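Where does a protein model leave empty space inside, and how do its copies sit together? The report below takes up these two topics in turn.

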There are 2 protein chains.
Amino acid sequence: MIAVHLENGVVTTRTLPVPPRPEGFALLRLLAGGICHTDLELQRGYYGFAGTPGHEFVAEVVEAGTRALLGKRVVGEINLACTHCEWCRKGLGRHCPNRTVLGIVGHPGAFAEFFTLPERNLHVLPDEVPTSRAVFLEPLAAACEILDQVAIPPGATLAVLGDGKLGLLIALVLNAHGYRVHQFGHHAAKLAITARVGVVTEMATEMARGALPIAAYDWVVDATGSPEGLRSAAAMTRPRGTVILKSTVHGAVVMDTAPIIVNELTLVGSRCGRFAAALPLLGHPLVRVEELIAARFPLSEAPQAFARAAQRGVLKVLLE
Amino acid sequence: MIAVHLENGVVTTRTLPVPPRPEGFALLRLLAGGICHTDLELQRGYYGFAGTPGHEFVAEVVEAGTRALLGKRVVGEINLACTHCEWCRKGLGRHCPNRTVLGIVGHPGAFAEFFTLPERNLHVLPDEVPTSRAVFLEPLAAACEILDQVAIPPGATLAVLGDGKLGLLIALVLNAHGYRVHQFGHHAAKLAITARVGVVTEMATEMARGALPIAAYDWVVDATGSPEGLRSAAAMTRPRGTVILKSTVHGAVVMDTAPIIVNELTLVGSRCGRFAAALPLLGHPLVRVEELIAARFPLSEAPQAFARAAQRGVLKVLLE
């Protein structure tokens with residue numbers, strides 16, 4: 001089978017044997033995969049990754065212990081948890097210290113013709129959801145995680161900083177949940193995607209000119225992936241307000257903690273989320289994820305797909 | 001009257017006229033004042049401060065519009081709030097954007113024979129509380145603020161990093177509230193103060209040798225005032241746990257945000273608190289604040305008192 005391989009910053013395709021299916025696992029055939037910011041970071045050598053990446057996918061079950069799964073179109077939770085530790089027992093396998101993570105830590109990823117996941121990680125997709133929408137489920141779940149972690153009153157006004165893939169999905173998800181979302185970004189064409197469904201958008205060039213609203217929001221989501229974004233998010237938050245850190249900034253971030261303490265801000269780190277919370281959004285008319293698709297490539301053209309995904313300003317690139 | 005004066009790093013005493021008493025204010029005569037870390041920072045020139053410092057105090061009311069206050073021994077909330085803004089209406093005058101702060105921002109402090117505060121800021125002390133205990137009310141309220149902001153289940157185990165004045169008071173307060181407190185510090189003699197009332201203490205030199213407990217606590221209070229403390233606090237916190245930032249680190253803190261996001265930590269900035277929450281602690285047998293008193297000086301010897309307070313390892317210095 002064809003499998004994408006990342007090593008030392010280089011993307012190649014390799015021919016590998018179809019992986020064996022362990023007990024309790026399903027063997028999956030890739031239908032569509034999404035290249036994520038994390039995949040590009042793995043390519044850049046963060047985490048010393050070498051192997052098959054890919055954790056955003058839709059696949060067909062080709063082998064499974066559970067006969068009802070055979071032939072089904074599925075998505076899958078990316079954390080392979082041990083199921084018996086304290087975290088797993090609390091339903092927080094996403095924090096299981098023994099976990100491996102599909103295409104990220106210790107388990108080969110979805111950017112291959114065939115790959116495996118535990119059957120318990122799988123969710124069967126309704127027939128009416130197109131594959132090109134369902135492939136967004138993993139990042140949609142990450143956006144939903146905000147609402148799992150932080151109790152935000154219905155109808156509240158929130159700010160989202162950043163108009164990359166995750167920033168747009170977060171704005172779409174929060175908007176679909178009835179919040180009044182103000183999104184700040186750098187790209188008019190990207191902001192137009194969320195503006196069309198009612199998000200109030202503002203070009204961040206305005207922020208640079210000092211028009212950044214100071215202490216204006218009780219909830220601010222930083223999805224910029226930049227140290228400046230985190231500092232801006234803290235400055236935009238009202239006393240006793242909450243900053244949700246949704247994007248990792250690599251390397252050292254220089255922070256002034258004084259505003260956090262003086263204004264008694266709460267900062268909440270937020271990572272992946274429950275697929276069950278995000279599944280209903282695949283049918284929501286305001287969650288127009290397909291507008292984020294920038295390009296589609298066959299799996300065999302993964303090097304070109306990664307190169308395209310790494311270009312500045314490019315949104316979601318799919319592998320099919 | 002004698003008043004302490006801070007300017008350009010120098011502590012002097014000056015002879016000033018007794019301040020006029022505005023409508024709604026009380027004129028107060030200092031009985032005891034406590035030199036706080038913030039006072040030493042004001043001396044070092046943070047915030048461009050020049051004037052009379054002092055915000056931890058016990059005083060006698062010598063003039064007031066409310067006759068019942070005359071002659072009473074009082075403590076006082078340090079934020080002079082506008083009373084009519086959104087924050088004041090919510091009972092959060094501590095975040096009033098129009099506020100001045102006794103001895104810190106725009107209002108002369110308590111390190112003077114006489115000073116003024118709004119009558120509404122005052123709390124009359126019960127006769128049985130010694131002045132040398134009551135002078136700790138302001139930092140005790142700051143310690144109580146943690147419990148106002150973060151819902152911690154009864155009997156939970158918490159870590160406190162730092163054994164300075166605030167770290168010790170926080171450990172005493174949390175211990176008195178029935179929490180199991182593990183305190184990490186650098187000074188055996190200081191840690192002994194909290195160990196005597198049941199706090200589990202550990203010398204931080206152990207931490208330096210790699211014995212720092214990693215991902216071991218759901219709640220960690222950083223009261224170290226150092227960038228290393230904040231990083232250690234984040235490392236010691238379990239996934240989905242909470243770090244309470246109780247001490248300002250001046251200047252830039254270099255942080256790696258990845259552990260905060262991957263482990264979905266919550267960071268809560270925490271500043272001053274409600275005096276009403278702390279008042280009952282003045283009668284609590286486990287809150288042995290008087291053991292923190294390192295020295296007492298008359299107001300006229302404020303320069304010596306500040307010099308003593310600034311010495312490494314010295315706990316609370318009182319002005320009387």
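What follows describes the arrangement of the two chains and then the cavities of this predicted model.

**Arrangement of the chains**

Chain A can be laid on chain B by a turn of 180° with a shift of 0.0 Å along the axis, and the RMSD of this superposition is 0.0 Å. The two copies are thus related as by a two-fold rotation axis. Of the interface residues of chain A, 100% are also interface residues in chain B, so the copies meet through the same surface.

**Cavities**

Rolling a probe the size of a water molecule over the atoms shows where empty space is left. When the whole structure is searched, four cavities of 30 Å³ or more are found, and the two largest are set side by side here.

| Cavity | Volume | Nonpolar lining residues | Polar lining residues | Charged lining residues |
|---|---|---|---|---|
| Largest | about 90 Å³ | 11 residues | two residues | no residues |
| Second largest | about 40 Å³ | four residues | two residues | three residues |

Which residues lie nearest the centre of the largest cavity? Among the 13 residues that line the largest cavity, these are Met255(A) and Leu267(A) from chain A, together with Met255(B), Ile260(B) and Leu267(B) from chain B. The lining of this cavity holds 11 nonpolar and two polar residues, and no charged ones.

The second largest cavity is lined by residues of chain B, namely Glu77(B), Ile78(B), Asn79(B), Arg94(B), Glu138(B), Ala141(B), Cys272(B), Gly273(B) and Phe275(B). By class, this lining includes three charged residues beside four nonpolar and two polar ones.

Technical notes: Residues numbered from 1 in each chain as written. Chains lettered and ligands numbered in written order. Predicted model: local features only at pLDDT ≥ 70, side-chain atom pairs only at ≥ 80, totals over all residues. Heavy atoms only, no water. 1 Å grid on protein atoms, 1.4 Å probe; cavity = no way out; pocket = protein on both sides within 12 Å on 5 of 7 lines; lining within 4 Å. Points joined across faces, edges and corners; volume = space filled by probe spheres on them. Nonpolar A, V, L, I, M, F, W, Y, C, P; charged D, E, K, R; others polar. Least-squares fit on C-alpha atoms with pLDDT ≥ 70 in both. Contact = heavy atoms within 4.5 Å.
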